[in-house]
Every structure is written in C-alpha cells, then in structure tokens.
Amino acid sequence: MVEHVPFTEIYVDDDVVDRTESVVRSRRYVQGPELDQFEAEFADEFEVEHAAGVSSGTAALSLAFRACGVGRGDDVLLPAHTFFATASSAMNLGANPVFVDVDPETYTIDVDDLARKADRADDPAAVVPVHIYGQPADMDAVQAIADDHDMAVVEDACQAHGARYDGEMVGSIGDVGCFSFYPSKNMTVGGDGGMVVTDDDDIDAAVRRLRNQGRTPNGDHVDLGLNYRLDEFKAAFGREHLSHVTEWGRMRRENAHRYDERLADVAAVETPTVRDDRTHVYHLYEIQADDRDELRSFLSDRGVETGIHYPQALHQHPAVRRRDDDLPTLPTVERLVDRIVSLPMHPWLTEAETAHVCDAIEAFYRGESP
Ligand SMILES: Cc1ncc(COP(=O)(O)O)c(C=O)c1O
C-alpha cells in the first residue's frame, strides 16, 4: 500500500531517541534549555526575530489572535478552504469568522473576494492567509488589503514549514505566523505542538505571557492566560526534525515534480499550479480529478491510499452554520471540495511508488478494471 499521509514514515533515528532520552535523565521537563534552543534554532531557520513554542497549531493561532488584540465581536477574514482550527481558534475568542473564497488554481485566499469582504465587514480586525497544502498565499495583495483596513495579518503556516513567498519565509511576512507540529506535518515534535513567530517584540512578549497563565518573567499574572506550553521532550524531538526540514521540503518538491510530469497529459486531472514567486513545500499533493470518488476506490484496489482532507467547505460545518444563518455562497471552494483528492506524499516516496500511483490513475481514465 502506498500511504497518503504515512505516520509509519515519521523520521525517528538514534539522534531523536538519544536527545529525548537525555531529557528523561535531565529531570527538567518544562520551560528548560531544550525549549530555549528549539526556539532560537527555529527563529534562525525560519528567518524571524522571535519564535515561541506552544502546545499545538491551534494554540498558536489562538495566542496570535489575542496578542494582536483580536477579541469578542471582531471580524476575522479567512479562507473557507482550510482546517477547522483556522476558524475555531478565532471563534473561541468570540470573534466572527468572515469566510472568503479561494483562488481556483492555488487554493489560497482569493484576494478579490477578500477586498470585497473587507470593505463590507463591520469591524475587520485580522486576516488569516492560510498557506494551504504548503503553497504561500498571495501575501503582497493580502498585506495591501490589511493595510487599507488596519487589520493584523496572522499567517496560518501550519502546513508550510519552509515555504517561501518572493524569497521570504512564510510566517515571517505578516504580523505573526503560526506553525503546527502535529505528527503528519512536514516536521513534528513527536506529538502535538506549535510555534508562534514574529518580528514584533510586543507580540512575542504577549504570546510568552499568555501561553503561561499570563505570567511575566518577574512572576506577576498580568493577563488571563492558559497553559499552552511546549514541554522539553517535544522541544528536543523538534530540534532534530528542524535540522532536516529544509531538505525534506526539497525531497517533497522532487516527488511533486515527478507527479506533475507524469500527470500533465491526463486531461481529467488538474495538477497543482505553483506561482513563479512561490516555493511550495507540498505538505500535501492535491489534484482535482473528474469522477473523484470512483478514482479513489479504483486506486485503493490498486494499493494506493488517497485522502480527502476537506470534504466540506469550512462555512458548511454545523458548528459554524449554527452561529450564522446568513451564510455566504463561495462558488470556488464549494466546487473544489467535490473534486480535490490528496495523493501519497512524503519525502521518502520512491520513483517506483510515484510511477505506480500515476500508472493506476492513467489506467482508471483508460477505463481498465481494477
Ligand atoms: C491549516 C491548519 N491550521 C491549523 C491547524 C491546527 O494545528 P494543530 O492540529 O497542531 O492544532 C492545522 C493542523 O492540523 C492546519 O492544517
């Protein structure tokens, strides 16, 4: 079976084991030297002033919103093609999600629809460009619209470790960037974890307080924070993965190019479009496919596992619909959710495996039986 998000392929070598074992022996399990080092190395690798480790990507988003002053009644503009946490992290603070359609080729936020929705919003406080599947959103246009409306730019880079927009690392472009280390991501900490990155000293200080019960370094509790800390085991694990993540992004791109070349002539399939000014890190390799569900079942019979990550647009989920009777119509995202499918993607896919996947796709559209 060629798996599509293979947890069995998560990289664990002797260095990972030795480093986490050394944490056990150190008897220092939270807020210790591994976290300090992980944060410093992450900031260095991702070309940003500050990095603060937190307990998940969802926690990262929630703390980033709070640090930017987003709260009850504020409008947060975000694409409707993303993971639920992009919206729920804002909604849990009492903010209103304003759902924006996506670009039909890159699947990132549609900046024309964003401009329209920002003009119409009552109290636009933040916009969330999501670098979905590992491709950067159109950051210049997003930033220009944010500037016009005095909105914070909170980048959701949870799927885009090491992706670049016009040479700049995603996460470092807006006011604040959020990463997830959930085990299926391009790098993990061996469990849940996240990182908030920023060049802004005040945002960084607020995130550090809020992740630790609103506590300042001198021990005063000045905000109502929570416990969103990242522990030493995970920081130690994450340091090892961080040292490989750029190389793994390159390996993912090589695999993607093999798919691109082989599938270019399959008329029923649309491979990912990558804009010239963007470096994609292919957290997932998505195609649009005619007869998608039949294709998936054919591929499964031929030993190829595929995935559908977002079977519904975000604004169609019950938890969102309950809050808002007047839901928008978002034609692109509503069409995409019926056509998109994830092919197997990880750094160690072999040429034989990508060839097997493409052979099977071609066989399906030739009308062969499984
Ligand atoms: C786009 C996006 N945003 C937010 C999250 C939330 O991250 P986590 O699962 O680490 O809380 C994820 C990860 O699943 C994601 O893919």
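**Aromatic pairs, salt bridges and surface patches**

Phenylalanine 42 has a relative accessibility of 0% and therefore counts as buried. The model in which this residue sits is a predicted one, and phenylalanine 42 is a good place to begin a walk through its side-chain contacts. The partner of interest here is phenylalanine 179, which is likewise buried, at 0% relative accessibility. A pair of aromatic rings is described by the distance of the centres and the angle of the planes. The structure holds 16 aromatic pairs. In the pair made by phenylalanine 42 and phenylalanine 179, the arrangement is edge-to-face, with 5.2 Å from centre to centre and 75° between the planes. This pair links distant parts of the chain, as phenylalanine 42 belongs to helix H2 and phenylalanine 179 to strand E8 (residues 176-180), 137 residues apart. Both rings also take part in a cluster, in which ring pairs link Phe38, Phe42, Phe46, Phe179 and Phe181.

A further aromatic pair involves two tryptophans. Tryptophan 248 is buried, with 5% relative accessible area, whereas tryptophan 348 is partly exposed at 30%. Their ring centres lie 5.4 Å apart and their planes meet at 70°, so this pair too is edge-to-face. Here again distant parts of the chain are linked: tryptophan 248 comes from helix H9 (residues 245-263), while tryptophan 348 comes from the loop between strand E13 (340-343) and helix H13 (351-366), 100 residues away in sequence.

Attention can now turn to charged contacts. The structure holds 24 salt bridges. One of them joins glutamate 47 to arginine 164, with 2.8 Å between the closest N and O atoms. The two residues are 117 positions apart, glutamate 47 being in the loop between H2 and strand E1 (50-54) and arginine 164 in strand E6 (residues 164-165), and the pair thus links distant parts of the chain. Neither partner counts as buried: glutamate 47 is partly exposed, with a relative accessible area of 44%, and arginine 164 is partly exposed as well, at 24%.

A salt bridge also connects the side chains of arginine 275 and glutamate 105, with an N to O distance of 3.1 Å. Arginine 275 is found in the loop between strand E10 (269-270) and strand E11 (278-279), and glutamate 105 in the loop between strand E3 (96-100) and helix H5 (111-120), so the contact ties together parts 170 residues apart in sequence. Arginine 275 has a relative accessible area of 27% and is partly exposed; glutamate 105, at 38%, also counts as partly exposed.

In another salt bridge, arginine 339 meets aspartate 290 at 2.9 Å, N to O. Arginine 339 lies in the loop between helix H12 (331-336) and E13, and aspartate 290 in the loop between strand E12 (285-289) and helix H10 (292-301), so parts that are 49 residues apart in sequence are tied together. The two partners fall into separate burial classes, as arginine 339 counts as buried at 15% relative accessibility and aspartate 290 as partly exposed at 33%. Elsewhere, Arg19, Glu34, Glu41, Arg239 and Glu240 are joined into one network by salt bridges that share partners.

A contact of backbone positions may be added to this picture. Glycine 57 belongs to helix H3 (residues 57-67) and is buried, with a relative accessible area of 7%. Its C-alpha is 8.2 Å from that of alanine 85, although 28 residues separate the two in sequence.

Finally, the surface carries patches of charged and of nonpolar character. The negative patch is formed by Glu49, Asp119, Asp147, Asp148, Asp150, Asp175, Asp199, Asp200, Asp201 and Asp202. Helix H6 (139-149) and helix H7 (201-210) are the elements that give two or more residues to this negative patch. Among the members, aspartate 148 lies in helix H6 and counts as exposed, with 64% relative accessibility. A nonpolar surface patch is made by Val24, Tyr29, Val30 and Phe233, which together have about 310 Å² of accessible area. Within that patch, valine 30 is located in the loop between helix H1 (14-26) and helix H2 (33-45), and its relative accessible area of 40% makes valine 30 partly exposed.

Methods
Residues are numbered from 1 along each chain as its sequence is written. This is a predicted model: local features need pLDDT of at least 70, side-chain atom pairs count only at pLDDT 80 or more; totals for chains, interfaces and linings use all residues. Side-chain values use heavy atoms; hydrogens and water are left out. Patches are made of residues with over 30% relative accessible area and no salt bridge: like charges are joined within 9 Å, nonpolar side chains (Val, Leu, Ile, Met, Phe, Trp, Tyr) within 5 Å. Accessible areas come from the Shrake-Rupley method with a 1.4 Å probe; for residues, only the protein chains shown count as cover. A salt bridge is a side-chain nitrogen of Lys or Arg within 4 Å of a carboxyl oxygen of Asp or Glu. Lys and Arg count as positive and Asp and Glu as negative; His and the chain ends are not counted. The place of a charge is taken as NZ of Lys, CZ of Arg, CG of Asp or CD of Glu. Helices (H or I, at least four residues) and strands (E, at least two) are DSSP runs, numbered from the N terminus. Buried means under 20% relative accessible area, exposed over 50%, partly exposed in between (1.4 Å probe, protein chains only). Rings of Phe, Tyr and Trp (its six-membered ring) pair if their centres lie within 6.5 Å; planes under 30 degrees apart count as stacked, over 60 as edge-to-face and the rest as tilted.
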